[in-house]
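User: Hey, I've got a fold open on my screen and no idea where to begin. Can you walk me through it?

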Amino acid sequence: SRRVQLLMATIAPPIDDDAIVAPATYSDPDAYDRLFARLRAEDPVHWTEPADYRPFWSVTRFADIQEVERNAAQFLNAPRMMLRPVSVEEQVRKLTGGSALMLRDIVHMDGRDHMAHRKLTQAWFMPGRLKALEEDLRALARHFVGQMIERGGACEFVDDVAVWFPLRVIMRILGVPAEDEARMLVLTRDIFGPDDPDIRKGPKPDLATTIKGFTDYFAELTEARRRDPSDDIATLLSTAEVDGEPIGTLELMSYYIIIATAGHDTTSSTIAGGLLALLQNPAEMERLRSDPAILAAGGVDEMVRWVTPVKHFFRTAAQDYDLCGKTIRAGDHLMMCYPSANRDADAFPDPFRFDLSRPPNRHLGFGYGPHLCLGQHLAKMETRIFFEELLARVDAIELAGDPAWVASNFVSGLKRLPIAYKAR
């Protein structure tokens with residue numbers, strides 16, 4: 001009854017704004033789902049004032065996030081892209097002389113500037129170009145599945161397998177040699193997982209030091225490609241022009257970094273999380289073994305929806321706007337909560353069921369609108385090929401311990417997935 005609802009509203013604890021930003025929330029999928037299900041039901045556009053962060057609106061429903069992403073002129077990517085404590089924001093401004101951004105890649109850009117820079121590499125990631133790479137990717141997948149088999153029937157799937165296949169793929173496309181891949185992985189984890197003690201073994205990395213590690217490396221690679229061009233993205237970027245002028249140094253280094261980090265970490269999270277979902281849903285595993293074509297028909301998209309490696313991005317309102325009955329003021333920041341949107345029952349019937357043939361599957365795992373993920377076709381192709389090769393050669397996969405997730409509120413997935421298996 002209405003009276004009971006009012007009574008419950010008076011005794012229910014307030015929504016925990018600190019939990020919305022806490023890295024630990026994102027390491028516990030059940031806790032995350034409970035918190036954000038409540039937000040979707042009670043306050044889907046929620047004014048959020050966590051300790052140590054500037055306030056913002058948490059946008060948690062599928063349709064509302066689509067509305068924000070669709071209106072790119074109204075909701076800007078710059079100047080706030082992600083959650084950072086006030087202390088880190090102050091450090092960035094001190095290092096940059098007042099700017100809120102240490103990088104300026106296509107994720108940070110808006111409007112014509114965004115499109116001009118995006119077009120530099122867009123052709124590399126379109127299905128036509130990628131089709132020519134399929135056999136190379138399949139050979140790499142066979143290689144890493146073969147290494148897994150050689151381990152003798154058990155492995156820690158994340159660190160032994162899942163991180164290395166997408167890393168090798170994107171580094172080959174970018175132009176980074178295999179001997180430098182481990183260095184790229186460490187720097188990526190310093191950006192995406194610095195709060196997790198299992199990922200960060202030593203002191204928490206300084207953001208400026210991490211970015212300098214990337215820029216020092218890619219400055220050398222740029223000079224090498226200018227002297228000796230190759231068929232890779234590093235060669236393209238090293239000579240890139242926008243509006244008839246060479247691409248700026250900040251934009252160039254930022255472009256390298258976004259490809260070198262997001263180009264593999266999100267895919268490895270999808271592969272590991274997708275395998276866990278199959279192990280926890282054995283009927284779906286059997287369906288996939290009997291009909292691998294499910295992967296291309298939508299199975300990979302269900303894995304992306306299920307895992308949603310990118311937990312959020314921010315937008316900033318350019319002018320006042322009404323969203324879901326809330327007045328968003330010019331200058332207000334909005335956090336797009338993608339895993340929440342991908343569990344929205346208004347968009348996905350039975351959203352907590354893992355269903356490889358879910359129709360339709362217009363998830364937000366790759367974003368939406370003008371900033372739809374540049375590498376989405378590559379990510380889906382890699383995931384499909386990997387599972388095709390894995391299930392063709394490996395039988396009876398099972399959990400051999402408890403899985404664990406990275407404590408990170410930005411980009412994250414499993415950090416541990418112990419498995420046992422038998423090769424065919």
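**The sheet and beyond**

Analyst: Sure, let's begin with a sheet: five strands make up an open one with mixed pairing, in the order β1-β2-β10-β7-β3. Keep in mind that this is a predicted model.

User: Which strands stand at the edges?

Analyst: Those are β1 (45–48) and β3 (75–76). Each has a single partner strand, so one side of each has no neighbour in the sheet.

User: And in which sense do β2 and β10 pair?

Analyst: Parallel, over three bridges, with β2 covering residues 56–59 and β10 residues 333–337. On that seam, W57 has L334 in β10 as its bridge partner.

User: Which helix lies across β10?

Analyst: Helix α4 (residues 62–70) does, and it runs at about 125 degrees to β10. It also lies across β1, β2, β3 and β7 (312–317).

User: New topic, rings. How many aromatic pairs are there?

Analyst: The structure has 16 aromatic pairs. One of them is W47 with W57: their ring centres are 5.0 Å apart and their planes are at 65 degrees, which is over the 60 needed, so the pair is edge-to-face. W47 belongs to strand β1 and W57 to strand β2, 10 residues apart.

User: Is W57 buried or exposed?

Analyst: Buried, because its relative accessibility is 9% and the cut-off for buried is under 20%. W47 is partly exposed, at 31% relative accessible area.

User: Which residues do ring pairs link into a cluster?

Analyst: F144, F157, F165, F386 and F387. F165 and F386 also turn up among the residues that A141 touches, along with I385 and E389, if you leave out residues up to four places away in sequence.

User: Where is A141?

Analyst: In helix α8, which covers residues 134–150. A141 is buried, with 0% relative accessible area.

User: What about charges over rings: what sits over W124?

Analyst: The charged end of R129, 3.7 Å from the ring centre. R343 lies over the face of W306 too, at 4.5 Å from the centre of that ring.

User: Last one: which strand does β4 join?

Analyst: β4 (residues 154–156) is joined to β14 (residues 418–423) by three bridges, and the two run antiparallel. A154 stands opposite A420 there. β14 also pairs with β11 (residues 394–399), again antiparallel, over four bridges. In that pairing, D395 has K422 as its bridge partner.

Technical notes: Residues numbered from 1 in each chain as written. Predicted model: local features only at pLDDT ≥ 70, side-chain atom pairs only at ≥ 80, totals over all residues. Heavy atoms only, no water. Pairing = 2+ DSSP bridges. Contact = heavy atoms within 4.5 Å. Axes fitted to C-alpha atoms, helices over the stretch in contact; angles between N-to-C directions. Buried < 20%, exposed > 50% of the residue type's maximum accessible area, 1.4 Å probe, protein only. Phe/Tyr/Trp six-rings, centres within 6.5 Å; stacked < 30°, edge-to-face > 60°. Lys NZ or Arg CZ within 6 Å of the ring centre and 35° of its normal.
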